[in-house]
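Colleague: I've got a few questions before I head back to the bench. Can you pull up the model and talk me through it?

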Amino acid sequence: MNYFRYRNGLLHAEDVPVDLLAGEYGTPLYVYSARTLERHFNAYEKAFERFPHIICYAVKANSNSAILRLLGSLGSGADIVSGGELYRALRAGISPRKIVYAGVGKRDDEIEYALKKGILMFNIESAEEMVRIDEIAGTLGKKAPIALRINPDIDPETHPYISTGLRKHKFGIPIEEAVEYYRRARGLKNTRIIGVHKHIGSQITTITPFVDALERVLVLIDRLREEGIEIRYLDIGGGLGIRYSDESPPHPGQLARKISPLLRGRDLTVVLEPGRSIVGNAGIMVSRVLYLKEGEERTFVIADGGMNDLMRPTLYDAYHEIVPVRKRRRKKMTTDIVGPICESGDFLARGRVIESLSRGDLIAVLSAGAYGFSMASNYNSRPRAAEVMVRGDEHYLIRKREEYRDLVRGEEIPEFLR
Ligand code: LLP
């Protein structure tokens, strides 16, 4: 079920008409549905209820404090990749005991911050990182809880920019060398091995790569046990895809059913790191049509939201469905829907067939909740959009639109130019 639906030809977010939100908060505007977030999170909870598990929402997908707060209140932990994400997660009330920290480039200050806060575990991506974390833990008089991120060399069959689990990628430790790495980790004085981590990519729409990767990792866990290295946490990463157009990605329940026979009888706590599948279809980006422009070859619809607001179409050539907020039963047009940014790559859709639009119309870019606002920038000195959360017939501003003065915050004119 989708909480963004038409009623009498008008798109609603839960029980709130989207044009009302655009009128009240302006455009471009991100709108999130609290009930959809709840439903998606609970689908994971329910799917994995038979196993000891922790769902660590991937903060990078959407790091808005209200979203973190909502998910945290449902019991979510956090998968983080920076000190900034740790700060956000803690501030939103997420317990450090449910925070896992991945990423190939953890800085000293970030490691120290995470150790001091007592996170559940560091997902280690290299030998040097492992040693550095051990050293810092030593100076703090702490033991660093770690998992090694294993690169299982599995092709997740997704976009090359968002696949991570192949030998050629910068992520993780090659599975063939994993035992050796674990032996080294065991020799570190201030390190405590507690887990194994894998994450093979994002927007994965078939179960097979998950299962294949898991099988490889379980073989590793058995080998480690033979060496006397006990693994308590099995972090299987995120990556379940969502429907942007005609994909039919597996439901968390299907994933759980497929992997449960593999996990049965093993004393493992499963950690999951879903991002997109929680928040992707819980958000839309609303934009207003500024102009229609007849080009030589095609018509352009110029919207007030562009690649700085939603970078996915530009960066990955990603497809996002775009619909008129009010259906007017006009005939269709084929158009490029572009933003105001001074780049030819600034488009939301190309060659799209959509009900004819005119100046002033509102459009909604669907499935924009994940990697939408969190990847937004101020390029072309555009203040970042406002974000709103809807729950039933209530709506709440959860991030106010930036103002011009936000654009220059922190900038200084050197003495010689004053
Ligand atoms: N865990 C780790 C270690 C990750 O690197 C990621 C995503 C996740 C979990 C969450 O994956 P998800 O469940 O969201 O698929 N900007 C790209 C996606 C990049 C994903 C990066 N890592 C996009 O817009 O498609």
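Modeller: Sure. A residue counts as buried when its relative accessible area is under 20%. Bear in mind that this is a predicted model.

Colleague: Which elements do the buried residues of α8 pack against?

Modeller: Start with the buried residues themselves: among them are Phe210, Val211, Leu214, Val217 and Ile221 of α8. The buried residues of α8 pack against β9 (144–151), α7 (178–186), β11 (191–197), β12 (233–235) and α9 (252–263).

Colleague: How far apart are the end C-alpha atoms of α8?

Modeller: Helix α8 has 19 residues, 208–226, so at 1.5 Å a residue it should span 27 Å. The model agrees with that, as the end C-alpha atoms are 28 Å apart.

Colleague: How many charged residues are in the lining of the largest cavity?

Modeller: That cavity holds about 40 Å³ of space. Its lining includes Tyr44, Phe210, Ile236 and Leu255, and Phe210 is also one of the buried residues of α8. By class, the lining has 7 nonpolar residues, 3 polar ones and, as for charged residues, none.

Colleague: Is Asp153 buried or partly exposed?

Modeller: Asp153 is in the loop between β9 and β10 (173–174), and has a positive phi of about 55 degrees although it isn't a glycine. Most residues other than glycine have a negative phi. With 22% relative accessibility, Asp153 counts as partly exposed.

Colleague: What is the peptide bond from Thr27 to Pro28?

Modeller: Pro28 is in the loop between α1 (18–25) and β4 (29–33). Most peptide bonds are trans. Here omega is near -10 degrees, so to speak plainly, the bond is cis.

Note on methods: Residues are numbered from 1 along each chain as its sequence is written. This is a predicted model: local features need pLDDT of at least 70, side-chain atom pairs count only at pLDDT 80 or more; totals for chains, interfaces and linings use all residues. Side-chain values use heavy atoms; hydrogens and water are left out. Helices (H or I, at least four residues) and strands (E, at least two) are DSSP runs, numbered from the N terminus. The expected span of a helix is 1.5 Å times one less than its number of residues. Buried means under 20% relative accessible area, exposed over 50%, partly exposed in between (1.4 Å probe, protein chains only). Contact means heavy atoms within 4.5 Å. On a 1 Å grid over the protein atoms alone, a cavity is a set of points where a 1.4 Å probe fits but cannot get out, and a pocket is an open set with protein on both sides within 12 Å along at least five of seven lines; lining residues have an atom within 4 Å of a point. Grid points are joined across faces, edges and corners, and a volume is the space filled by probe spheres set on the points. Ala, Val, Leu, Ile, Met, Phe, Trp, Tyr, Cys and Pro count as nonpolar, Asp, Glu, Lys and Arg as charged, and the others, Gly among them, as polar.
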